[in-house]
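User: I would like to go through some labels used for this model and see the reasoning behind each one.

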Amino acid sequence: MTTEDRILQNMTIGKLRTRITIRVPSVQKDSRGNDILSCADGDTVWGCVETHASQMYETTGEVNIIRKVIIIMRYRSDLTPDHQFRAAGRLYRQVGSPIDAGMRHRWIYAECEEDVQT
């Protein structure tokens, strides 16, 4: 069963128990005229955050964990791959484009990563 099939079969409004803040991207110029991508808090919606996988790697004495999650919410047409999400004090950045589950305009999900430094 694919992720999309599982979402279409098992998601109900009652499973959207997490407050998710959508972080809207904006481009600003630095002192030298270079573009800097930053995000500001936008709408807050109800959603679901499911841990999909975890990966651990070590660099120069630091242990880093990348937690891969799927964020599910009611369909929105304004999300782009540059949007980020904040839920329960954690920041998630998208790995790809948000996907309209089954092209039914009911659920949208995004595969995201969270960097955890220990």
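User: Why is H83 called buried?

Analyst: The model is a predicted one. In it, H83 has a relative accessible area of 7%. Buried means under 20%, so H83 counts as buried. H83 lies in the loop between β3 (62-74) and β4 (84-87).

User: What does the side chain of H83 reach, and what makes that a polar contact?

Analyst: The side chain of H83 reaches the backbone nitrogen of T80 at 2.9 Å. The cut-off for a polar contact is within 3.5 Å, and 2.9 Å meets that distance. Leaving out residues up to four places away in sequence, H83 touches I22, R23, V24, P25, D78 and Q94.

User: Why is L91 called partly exposed?

Analyst: The relative accessibility of L91 is 39%. Buried means under 20% and exposed means over 50%, so a value in between is called partly exposed, and L91 is given that label. L91 belongs to strand β5 (residues 90-94). Among the residues L91 touches are R23, F85 and E113.

User: How do you know that C39 and C112 form no disulfide?

Analyst: The sulfur of C39 has its closest cysteine sulfur in C112, 12 Å away. A disulfide needs the two sulfur atoms within 2.5 Å, so 12 Å is too far for a bond. C112 is therefore in no disulfide either. The count for the model is zero disulfides.

User: Are these two cysteines, C39 and C112, buried or exposed?

Analyst: C39 has 18% relative accessibility, so C39 counts as buried. C112, at 2%, also counts as buried.

Note on methods: Residues numbered from 1 in each chain as written. Predicted model: local features only at pLDDT ≥ 70, side-chain atom pairs only at ≥ 80, totals over all residues. Heavy atoms only, no water. Helix = DSSP H or I, 4+ residues; strand = E, 2+ residues; numbered from the N terminus. Buried < 20%, exposed > 50% of the residue type's maximum accessible area, 1.4 Å probe, protein only. Contact = heavy atoms within 4.5 Å. Polar contact = N/O pair within 3.5 Å; in protein donor to acceptor, adjacent residues only side chain to side chain.
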